[in-house]
Amino acid sequence: MTILIVDDDESILTTLRVLLKSEGMSCIACRSPAEAVAAARRESCELALVDLNYVEDTTSGKEGLALIAALREVAEDLPIVAMTGWGTIGIAVEAMQRGAVDFIEKPWENNRLLSTIRAQLALRAAQARERKLAAENALLRQQGSGGGRLVSRSAEMEQLLSMARRVAQSAMPILITGENGTGKSLLAGYIHQHSTRAAAPFISVNMGAISESTFESEMFGHTRGAYTDAKSERVGRVELADQGTLFLDEIANLPLTQQAKILRLLEERAYEKLGSSFTKQANVRFISATNANLDSLVAERNFRQDLLYRLNGVTLHMPPLRQRREDILLLAEGFLARACQHYNPPARAFSAGARAALENYAWPGNIRELQHVVERSVLLAQQAQISEQDLQLGGARAAPAAPAADDFDGMTLRQSEIALIRRALARH
């Protein structure tokens, strides 16, 4: 933590530096109000110790009072403790009115001064946690997808979930691959729930939805005045995920210009807010996801190879819905129950024909498509049961043709044979 000290007496600055350093605190020492305001704009400080009297007037405290007001404009949440050798009740009251949180008379008692500093730092930390929680809750409300859960009965998914629970206990970065709509974000949430960080935040970021111009502000936050419209300090996604999990969704869409920043975050667990030179530590667990072939992107020089090596500490592949047909009706029943709660429709079950159609459909859009089909059929159905016609699946059935080559990218011949045999067993 960094303390800003402002006093025109060099011996006072030296004494305070020695005292605070012995308590594990670093200091920025300034000898004038102008120097202090510039330092507050430039650096991220946790508290300021401000003398009230300087060269122009050594008794009235006017310069110090003006400095308190100026610091409050630069950093409105910065705790300011006023100090003076000419202490009066009137000056103390006015200092509080200008924005100081406490008042210390010179010469001070070390225990009293340290107690005041610790109390104010603890209060500031508590207020920061409240702001962070409010920002996190607002973000979760904005994302609006925290209520989903993984359900399955297929052997392939059970094997995947078993592996996910094992790797969840480690801090190793995880890369989740799979087609669109397979539930990669749900698997990321599942890993978080089974990790030692389950009680901490799970923050999801769609890397393709952040523009290059706002990337640093979104990810790392910014200080007040970092750019023209930065009217107040902003908490970034990395800080929101502190002690928890940061989920980097659609990681393949991350522009090359920003990949070095994510690489540094993964390698050093360090970052700076936009507009600040103060380095913060990121105590987060990284999970990323993509539907793209990152090896091909690396070969095309559209993705950094060193970043890929950092992301794929463990790689988990989400199978498409056509490879886990035992789960289709289970998922469909869950979506139906949820839709019935929301819409209160006349139809609350699938007919035998509808169930067969659901099982035989190819599901190119995977679980996301299944959810949309069920919700649509709930609105369209007029009878007590949802019919095959209500589903409006058309003629796209599960084809017995050979699977696409992409399904076996990265597999050995033996692994491909095992996958084909399992698929045939599941289908028949």
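I will talk through a parallel sheet, the helices that lie on it, and one lysine in a later strand. Please keep in mind that this is a predicted model, in which local features need pLDDT of at least 70 and side-chain atom pairs count only at pLDDT 80 or more, while totals for chains, interfaces and linings use all residues. Residues are numbered from 1 along each chain as its sequence is written, and side-chain values use heavy atoms, with hydrogens and water left out.

Let me begin with the sheet, which is open and has five parallel strands in the order E2-E1-E3-E4-E5; strands here are DSSP runs (E, at least two residues), as helices are (H or I, at least four), numbered from the N terminus, and two strands pair if DSSP finds at least two bridges between them. At the edges, pairing on one side only, are E2 (26-30) and E5 (102-105). E5 is joined to E4 (residues 80-84) by four bridges in the parallel sense, and Val 81 stands opposite Asp 102 of E5.

Turning to the helices, H3 (residues 62-74) packs on this sheet and touches E1, E3 (47-51) and E4, where contact means heavy atoms within 4.5 Å. The direction of H3 makes about 160° with that of E3, the axes being lines fitted to C-alpha atoms, for helices over the stretch in contact, with angles from 0 to 180 degrees between N-to-C directions. Helix H2 (residues 33-42) lies across E1 (2-6) and E2, at about 140° to E2.

Finally, is Lys 280, in strand E12 (residues 279-281), buried or exposed? Lys 280 counts as partly exposed because its relative accessibility is 24%, between buried (under 20% relative accessible area) and exposed (over 50%), using a 1.4 Å probe and protein chains only. Beyond its neighbours within four places in sequence, Lys 280 has contacts that include Glu 239 and Tyr 271.
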